[in-house]
Amino acid sequence: MARSKKAQAAIESALLVDQPGQNVGLGVDLVEVARMERILERTPSFKAKVFSPDERAYCDGRARPAMHYAARFAAKEAVVKALGLGFSSGISVRDIEVVRAEGGRPSIQLSGRALEEARAQGVTDIPVSLSHTATGAIACAMALTPESAIRREPKASPQEELARQFKEARQMLDELDASPASSEGADAGEAEDASDAQSAEVRS
């Protein structure tokens, strides 16, 4: 999905951080809410092709569905990047689903080719964080292996590192929006913020 120069700068800034281990994949993506609104309006079938029934039910139940669809689309892109792949490699967007763990925190559930690739790489956890403003949604994901957990420095866990780089990216995102930032958890009880980064076990 195309993005503005400022949005791309936010992503590149988020990627300019040290990863807590050699076997760690980092993915960041930002989606403009207005663009998502136009896509949903122009192509109603887009939702069914890209999002699971549970994802659609959650987003359609919010006051501004496009904002939440944008966050979940960004998460799918971020996970693919964290795996070092792309959707052109045979992974379907439906292979990556944002689910809500207990307490409303976002986590990732893989299936199909995405699950196969993750297992082939030895990925066991994919912490993910989502957030948005009125104009943009951002997602950060890390693909972790057992080796990366061993090699990381004790002072910075993958979740803490993800939270740190996420805050930097969020600051860039806030600059794109003159209105006060909106948190998905504020209107739905979903803690989609860096401080609530949740490590999700890759499962079929």
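**View 1. Helix 2 packs against helix 5 at an angle of about 105 degrees.** In this predicted model, helix 2 covers residues 33-42, and its axis runs 8 Å from that of helix 5. Helix 2 is therefore roughly perpendicular to helix 5, because angles of 65 to 115 degrees are counted that way. From helix 2, the contact includes Val33, Met36, Glu37 and Leu40. From helix 5, the partners are Ala66, Met67, Tyr69, Ala70 and Phe73. Sorted by type, the residues of this contact are 8 nonpolar and 1 charged, with no polar ones.

**View 2. Helix 6 has a buried face.** Helix 6 spans residues 112-120. Which of its residues are buried? They are Ala114, Leu115, Glu117 and Ala118. Down the helix axis, these buried residues fall within an arc of 165 degrees, so they line one face of helix 6. A general rule helps in reading this view: an α-helix has 3.6 residues a turn, so residues three or four places apart point the same way. The buried residues of helix 6 pack against two strands, strand 2 (96-100) and strand 3 (106-110).

**View 3. The other face of helix 6 carries exposed residues.** Glu116, Arg119 and Ala120 are exposed, on the face turned away from the buried side of helix 6. Just after the helix comes glycine 122, which has a positive phi of about 80 degrees.

**View 4. Leucine 85 sits in a loop and touches glutamate 117.** The loop runs between helix 5 (65-82) and strand 2. Is leucine 85 buried, exposed or partly exposed? Its relative accessibility is 28%, so leucine 85 counts as partly exposed; the buried class ends at 20% and the exposed class begins over 50%. Leaving aside residues up to four places away in sequence, leucine 85 touches Val80, Ile91, Glu117 and Gln121. Glutamate 117 lies 32 residues from leucine 85 in sequence, and their C-alpha atoms are 8.9 Å apart. Glutamate 117 is also one of the buried residues of helix 6.

**View 5. The whole chain, for orientation, has 9 helices and 5 strands.** Along the sequence, the pattern reads α-β-α-α-α-α-β-β-α-β-β-α-α-α. The chain has 204 residues, and 49% of them are buried. Of the contacts between residues at least 6 apart in sequence, 69% join residues at least 24 apart. The chain exposes about 9300 Å², of which carbon and sulfur atoms supply 48%.

Key. Residues numbered from 1 in each chain as written. Predicted model: local features only at pLDDT ≥ 70, side-chain atom pairs only at ≥ 80, totals over all residues. Heavy atoms only, no water. Buried < 20%, exposed > 50% of the residue type's maximum accessible area, 1.4 Å probe, protein only. Helix = DSSP H or I, 4+ residues; strand = E, 2+ residues; numbered from the N terminus. Arc of directions from axis to C-beta. Contact = heavy atoms within 4.5 Å. Areas by Shrake-Rupley, 256 points an atom, 1.4 Å probe, with all protein chains shown as cover. Axes fitted to C-alpha atoms, helices over the stretch in contact; angles between N-to-C directions. Parallel < 35°, antiparallel > 145°, perpendicular 65-115°, else oblique. Nonpolar A, V, L, I, M, F, W, Y, C, P; charged D, E, K, R; others polar.
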